Amino acid sequence: MQLYYRSLENMAHQASIIDQDWNRFVEQTRVRHVQQGTYLIETGEPVKHAYFCSEGLFRLFYTLADGRDYNVGFSPEDDYVTSYGAMVQGKPSTFTIEAMEDSVVIEIPYYVLKELMDTSHMWERFVRKSVERLYIRKEERERELLYLSARERYDAFLLKYPGLDKRVAQYHIASYLGVSPVSLSRLLRSKPH
């Protein structure tokens with residue numbers, strides 16, 4: 001079990017979280033195995049947990065009115081995955097999170113995070129840094145969609161998610177880039193990257 005916490009524990013120690021607070025965190029969270037194809041969070045569900053992906057891969061997607069999925073992000077190992085806005089606001093999620101591989105997450109109840117932040121400035125700093133990372137990623141994503149060509153968005157995808165192009169079907173990458181699978185296939189044939 002401790003193996004699944006290793007990356008998160010390293011981050012906590014870098015944030016100067018003391019062993020007593022770390023042990024309290026471990027006691028109040030749990031390791032959860034998630035099978036490929038399982039929804040961790042579904043559109044319309046309340047969100048009461050944050051998750052840290054220890055193994056595996058998740059995709060975050062909206063389902064459009066015509067039934068098509070629109071991928072807005074991926075969360076591989078050593079990354080957080082949740083609908084943060086829904087969790088904080090106590091509202092239902094507006095998107096779905098699906099396991100793309102058999103995965104293992106640390107399930108962190110939101111009330112535990114709040115208690116830790118209320119009692120420890122180090123935990124408050126740790127969570128703030130994590131949220132800043134998510135916010136920066138969201139801002140970069142918006143900029144990419146507004147200003148970059150499809151080729152540039154693909155190159156940015158490769159930089160942001162090294163090796164993910166080997167783990168994710170092309171149609172999921174196309175959805176993330178905002179192009180059709182045919183357009184992505186054409187783009188990949190037209191110019192080596």
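This report describes the cavity, the largest pocket, the salt bridges and several single residues of a predicted model.

**Cavity and pocket**

A search of the whole structure finds 1 cavity of 30 Å³ or more. The largest cavity holds about 150 Å³ of space. Its lining is made up of 15 residues, and those nearest the centre are Ala50, Tyr80, Leu113, Val127 and Ser130. At least two lining residues come from each of strand E3 (49–55), strand E6 (79–81) and H5. Helix H5, which spans residues 121–147, gives the most to the lining of this cavity, with 5 residues.

The largest pocket has a volume of about 720 Å³. It is lined by 30 residues, of which Leu60, Val72, Phe95, Leu134 and Lys138 are the closest to its centre. Strand E4 (57–63), strand E5 (69–76), E6, helix H3 (84–89) and H5 each contribute at least two residues to the pocket lining. H5 gives the most here, with 8 residues. Helix H5 is thus the main contributor to the lining of the largest cavity and to that of the largest pocket. E6 supplies at least two residues to the cavity lining and at least two to the pocket lining.

**Arg141**

Arg141 is located in helix H5. What is the state of Arg141 with regard to burial and salt bridges? Arg141 is buried but has no salt bridge, and the nearest side chain of opposite charge, that of Glu144, is 4.9 Å away. Since a salt bridge requires a nitrogen and a carboxyl oxygen within 4 Å, the Glu144 side chain at 4.9 Å is not counted as a partner. A polar atom of the Arg141 side chain does lie 2.7 Å from the backbone oxygen of Tyr176. Apart from neighbours within four places in sequence, Arg141 is in contact with Tyr70, Asn71, Val72, Lys160 and Tyr176. Tyr176 therefore appears both among these contacts and, through its backbone oxygen, opposite a polar side-chain atom of Arg141. Val72, another of the contacts of Arg141, is one of the residues closest to the centre of the largest pocket.

**Salt bridges**

Side chains of opposite charge can pair when their charged atoms come close. The structure holds 15 salt bridges, and three of them are listed below.

| Pair | Closest N to O distance |
|---|---|
| Asp21 and Arg24 | 3.9 Å |
| Glu77 and Arg167 | 3.0 Å |
| Glu132 and Arg128 | 2.9 Å |

Asp21 and Arg24 are 3 residues apart in helix H2 (residues 19–27), so about one helical turn separates them. Asp21 is buried, with a relative accessible area of 13%, whereas Arg24 is partly exposed at 27% relative accessibility.

The salt bridge between Glu77 and Arg167 has an N to O distance of 3.0 Å. This pair links distant parts of the chain, 90 residues apart: Glu77 is in the loop between E5 and E6, and Arg167 is in the loop between helix H6 (150–160) and helix H7 (170–177). Glu77 is partly exposed, with a relative accessible area of 32%, and Arg167 is partly exposed at 33%.

Glu132 and Arg128 lie in helix H5, and because they are 4 residues apart there, about one helical turn separates them. Glu132 counts as partly exposed at 32% relative accessibility, and Arg128 is partly exposed with a relative accessible area of 41%.

In addition, a network of salt bridges links Arg30, Arg32 and Glu107.

**Backbone and surface**

Which phi value does Ser16 have? Ser16 is not a glycine, yet its phi is positive, at about 65°. Ser16 sits in the loop between helix H1 (2–14) and H2, and is partly exposed with a relative accessible area of 44%. Asp78, also a residue other than glycine, has a positive phi near 65°. Asp78 is in the loop between E5 and E6, the loop that also holds Glu77. At 36% relative accessibility, Asp78 counts as partly exposed.

Asp118 belongs to helix H4 (residues 110–119). Is Asp118 buried or exposed? Asp118 counts as exposed because its relative accessibility is 68%. The C-alpha atoms of Asp118 and Ile136 are separated by 24 Å, and the two residues are 18 apart along the chain.

Key. Residues are numbered from 1 along each chain as its sequence is written. This is a predicted model: local features need pLDDT of at least 70, side-chain atom pairs count only at pLDDT 80 or more; totals for chains, interfaces and linings use all residues. Side-chain values use heavy atoms; hydrogens and water are left out. Buried means under 20% relative accessible area, exposed over 50%, partly exposed in between (1.4 Å probe, protein chains only). Lys and Arg count as positive and Asp and Glu as negative; His and the chain ends are not counted. A polar contact is a pair of N or O atoms within 3.5 Å; within protein, one must be able to donate a hydrogen and the other to accept it, and residues adjacent in sequence count only if both atoms are side-chain atoms. Contact means heavy atoms within 4.5 Å. On a 1 Å grid over the protein atoms alone, a cavity is a set of points where a 1.4 Å probe fits but cannot get out, and a pocket is an open set with protein on both sides within 12 Å along at least five of seven lines; lining residues have an atom within 4 Å of a point. Grid points are joined across faces, edges and corners, and a volume is the space filled by probe spheres set on the points.
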